[in-house]
Amino acid sequence: MSTFLRIHNKPFTRAALTARVSLFFRRHPEWRAWTCCLFAWFFIAINQRQFAADGPVNRLYCMTNGAVLREQGTGWRELFAYYPSFLLQNIFPWLLMIVAMMFLLLREPLQHISVSVRKKNRIPAALSFLLGYTLLWVVAGAGFLLLPFIGSYTLQGQSAWVKTIITAGIFILAAILTWLPARPVQMARCSKTIPIRIEGWKIYTDSFYYGIVIGLACLHMCWAPMAAMLFTRHELLLMYIVTVVLFYERYLFAHTSRATGFAWITVAASLLLLQCWP
């Protein structure tokens with residue numbers, strides 16, 4: 001009984017519980033990023049429910065009407081005149097997806113930030129890191145969003161089989177990339193640390209730069225599954241599955257494990273089987 005009423009030989013009081021909770025949050029500074037991740041998932045789930053009448057495809061992304069453009073005889077040069085407006089419409093959903101899926105993978109960098117700066121600078125430094133990380137993915141999104149933009153034009157009128165084969169093929173490519181000999185080295189770069197100066201504004205510039213460095217490493221690791229999901233317009237169940245696989249790859253699988261590759265193969269095979277389902 002005394003075991004349950006005492007914590008480290010101290011009475012189990014409200015103050016003791018508060019101290020334990022405070023200690024937990026200090027030791028796990030990633031909880032702020034994970035909270036943002038939780039809100040992003042909530043927003044995406046609400047969006048999915050709001051547009052449930054449209055079918056099983058997530059309507060998070062606003063797609064250009066490729067059929068109308070083709071009927072108007074729009075050429076490739078004229079087509080890209082529509083891209084800036086398309087990008088402005090879809091950059092926020094892309095950002096939301098990054099927060100929901102990628103912020104879960106930032107435990108080690110945020111812990112490095114926490115132990116490298118003074119207590120009073122931890123939150124601003126972490127925000128600077130997340131800003132640099134997010135900005136890198138936003139810039140990359142300008143290139144990634146070309147996939148659904150061009151796909152809506154070139155694949156308009158094609159059977160669902162064509163789109164499914166393309167998506168499954170990219171997941172198979174993701175599996176092959178995880179089996180390359182250099183993969184463990186690339187994975188280690190996602191937990192890389194750099195010196196963070198603790199003098200004035202240098203805290204925030206170093207943290208911002210560190211966010212860009214980690215963002216580049218994450219982009220190098222995860223570009224293939226992210227590209228594949230754009231062809232499914234980030235269907236909610238597939239987002240859950242890909243997020244779980246990425247989480248396991250980062251924290252639970254050995255860097256030399258082939259399990260992630262087999263997971264991507266399973267996803268590709270499942271997409272093809274579902275397409276065969278009457």
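## A buried charged pair

Arg 183 and Glu 249 are both buried. In this predicted model, the two residues are joined by a salt bridge, and their closest N and O atoms lie 3.0 Å apart. Arg 183 belongs to helix H11 and Glu 249 to helix H13, so the pair ties together parts of the chain that are 66 residues apart in sequence.

Glu 249 also appears among the contacts of another residue, Thr 260. Leaving out residues up to four places away in sequence, Thr 260 touches Thr 178, Val 245, Glu 249 and Phe 253. Thr 260 is found in helix H14. With a relative accessible area of 3%, Thr 260 is buried, because a residue counts as buried when this value is under 20%.

## The chain as a whole

The chain has 278 residues, and buried residues make up 41% of them. Its secondary structure consists of 14 helices and two strands. The accessible surface of the chain comes to about 15400 Å², and carbon and sulfur atoms account for 68% of this area.

Among the contacts in the chain with a separation of 6 or more, 81% are between residues 24 or more positions apart. One pair of residues distant in sequence is Gln 186 and Met 221: they are 35 residues apart along the chain, yet 6.9 Å separates their C-alpha atoms.

## Other salt bridges

How many salt bridges does a search of the whole structure find? The search finds three, and the pair of Arg 183 and Glu 249 is one of them. Another joins Arg 197 to Asp 206, where the closest N and O atoms are 2.9 Å apart. The two partners differ in their exposure: Arg 197 is partly exposed, at 42% relative accessibility, whereas Asp 206 is buried, at 9%.

A further salt bridge is formed by the side chains of Arg 107 and Glu 108, with an N to O distance of 4.0 Å. Arg 107 has a relative accessible area of 28% and is partly exposed. Glu 108 is likewise partly exposed, with a value of 24%.

## The nonpolar core

In soluble globular proteins, nonpolar side chains tend to be buried together. The largest nonpolar core of this structure has 68 residues. Met 101, Met 102, Trp 137, Phe 171 and Trp 264 are the residues with the most contacts inside this core. At least two core residues come from each of the helices H3 (31-50), H6 (83-102), H7 (107-116), H8 (122-144), H10, H12 (202-231), H13 (236-251) and H14 (259-276). Helix H12 provides the largest share, 14 residues.

Trp 137 shows how parts of the chain meet at one residue of the core. Setting aside neighbours within four places in sequence, Trp 137 is in contact with Trp 94, Ile 98, Met 102, Gly 215, Cys 218, Leu 219 and Met 226. One of these partners, Met 102, is itself among the residues with the most contacts inside the core.

## Gln 186 in helix H11

Helix H11 spans residues 183-189 and contains Gln 186. Is Gln 186 buried or exposed? At 17% relative accessibility, Gln 186 counts as buried, because the cut-off is 20%. When residues up to four places away in sequence are not counted, Gln 186 touches His 220 and Met 221.

## A nonpolar patch on the surface

Nonpolar residues also occur on the surface. Ile 172, Leu 173, Ile 176, Leu 180, Trp 223 and Ile 265 form a nonpolar patch there, and together they have about 470 Å² of accessible area. Helix H10 (residues 160-178) gives the most to this patch, with three residues.

Ile 172 is placed in helix H10. The relative accessible area of Ile 172 is 35%, which means that this residue is partly exposed.

## Cysteines without a disulfide

A disulfide is a covalent bond between the sulfur atoms of two cysteines. The structure holds zero disulfides. Cys 36 is in no disulfide, and the nearest cysteine sulfur, that of Cys 37, is 8.8 Å away. Why is Cys 37 not bonded to Cys 36? The sulfur of Cys 37 is 8.8 Å from that of Cys 36, the closest cysteine sulfur, and this is too far for a bond because a disulfide needs the two sulfur atoms within 2.5 Å.

The two cysteines also differ in their exposure. Cys 36 is partly exposed, at 37% relative accessibility, whereas Cys 37 is buried, with a relative accessible area of 3%.

Conventions
Residues are numbered from 1 along each chain as its sequence is written. This is a predicted model: local features need pLDDT of at least 70, side-chain atom pairs count only at pLDDT 80 or more; totals for chains, interfaces and linings use all residues. Side-chain values use heavy atoms; hydrogens and water are left out. Patches are made of residues with over 30% relative accessible area and no salt bridge: like charges are joined within 9 Å, nonpolar side chains (Val, Leu, Ile, Met, Phe, Trp, Tyr) within 5 Å. Accessible areas come from the Shrake-Rupley method with a 1.4 Å probe; for residues, only the protein chains shown count as cover. Helices (H or I, at least four residues) and strands (E, at least two) are DSSP runs, numbered from the N terminus. Buried means under 20% relative accessible area, exposed over 50%, partly exposed in between (1.4 Å probe, protein chains only). A nonpolar core is a set of buried Ala, Val, Leu, Ile, Met, Phe, Trp, Tyr and Cys residues joined through side-chain atoms within 4.5 Å. Contact means heavy atoms within 4.5 Å.
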